[in-house]
Amino acid sequence: MAPRANWKGFLRLSLVTCPVALYPATSESEKISFNQLNRQTGHRIKYLKVDADTGDEVPNEDIVKGYELDKGQYIEVTKEELEEVALESTRTIEIDEFVDKSDIDPRYLIRPYYLRPDGKVGHDAFAVIRETIREMDKVAIGRVVLTNREHIIALEPLDKGLVGTLLRYPYEVRGEQEYFDEIQNVKVTKDMLDLAKHIVNQKAGRFEPEKFEDHYETALIDLINRKRAGKPITPKERPAATNVVDLMEALRRSVGREAAPAKAAKPAKKPRKASSGQKEMLMPIEGKKPKETAAKKPAAKPQRKSA
């Protein structure tokens, strides 16, 4: 079953409307996460909402939103008042225009969502909108309200559904001039450029996400498994930093270094499948075993170890 929808409403292109549901297309729930503990007791740290002046805990029903006008001076805004300023896009994704994908600056992209028909009705209208976008080779731009804020959303066909990517507003994107103005104007010689192009050609390939492994996540699993087993944790030696003195020589060495692996002709490492039980820490670091295999192991008694 698909996860719970983040938003439900209607997708509308002029007079063509269909009920739709919006689902997150990405997840970070399988990444290793840590809780904060009291070193003395091993108990989790609990955060309380307290009055900044009195120090008293404040119940949720007494907490309101406020905009700070000046130091310590706020304008309170109620939930009902916020609902009053909500726009039509609270319940409807209205397609405003169609643009070329190349027109969308990557800096404006936030996160992707899956969009599909909600329920058994509206599949015909959804298909018409989807196939129109596909045939025109365009991206549909609309608006949607999530967590009380209106967002721009870019819709593209994907298989039988749509991918909707939230976009930033111009005021959310910083200009590059203040970061790039101090970059020196350097003339790159043809020889340097040719060597660099040669390195690029040696590394050329197709983007296949399965080939990439999250080395930090793997190191975290190794660290936790070693601590569970009571093994000593020893710091690894860090390679010494080297300064590039001769850029041409560095490029020549890079060309030779990239050509060397081709001679060895080592078999490509088979990508590991994503694990659905990563947080359980029941798999060895060499390869994550299925839950069924891991479940056969006797459960170890909980024991707190020092970090």
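These are my notebook entries on a barrel and a few residues in a predicted model.

**Ground rules.** I number residues from 1 along each chain as its sequence is written. The model is predicted, with local features needing pLDDT of at least 70, side-chain atom pairs counting only at pLDDT 80 or more, and totals for chains, interfaces and linings using all residues, while side-chain values use heavy atoms and leave out hydrogens and water.

**Barrel.** I looked up the strand order. Seven strands close into a barrel, in the order 1-2-6-9-8-7-5, with mixed pairing. From one strand to the next, the twist averages 40°. I took strands (E, at least two residues) and helices (H or I, at least four) as DSSP runs, numbered from the N terminus. Two strands pair if DSSP finds at least two bridges between them. Axes are lines fitted to C-alpha atoms, for helices over the stretch in contact; angles run from 0 to 180 degrees between N-to-C directions.

**Strand 5 and its partners.** I checked both sides of strand 5. Strand 1 (residues 7-13) and strand 5 (residues 92-99) run parallel, joined by three bridges. Leu 11 has Ile 93 as its bridge partner in strand 5, and Arg 12 has Glu 94. Strands 5 and 7 run antiparallel, with five bridges between them. Here Glu 94 has Arg 143 of strand 7 as its bridge partner. A general note to self: strands of a sheet pair through backbone hydrogen bonds, either parallel or antiparallel.

**Helix 2.** I then asked what helix 2 lies across. Helix 2 (residues 123-136) lies across strands 1, 2, 5, 6, 7, 8 and 9. The helix runs at about 80° to strand 2 (16-24).

**Thr 165.** Is Thr 165 buried or exposed? Thr 165, in strand 9, counts as buried because its relative accessibility is 13%. The cut-offs are under 20% relative accessible area for buried, over 50% for exposed and partly exposed in between (1.4 Å probe, protein chains only). Beyond its neighbours within four places in sequence, Thr 165 is in contact with residues including Leu 109, Pro 112 and Ile 153. Contact means heavy atoms within 4.5 Å.

**Leu 158.** This residue is in strand 8. Leu 158 has a relative accessible area of 45%, so I logged it as partly exposed. With neighbours within four places in sequence left aside, Leu 158 is in contact with Tyr 114 and Val 163. The C-alpha atoms of Leu 158 and Arg 134 are 9.0 Å apart, with these positions 24 residues apart along the chain.
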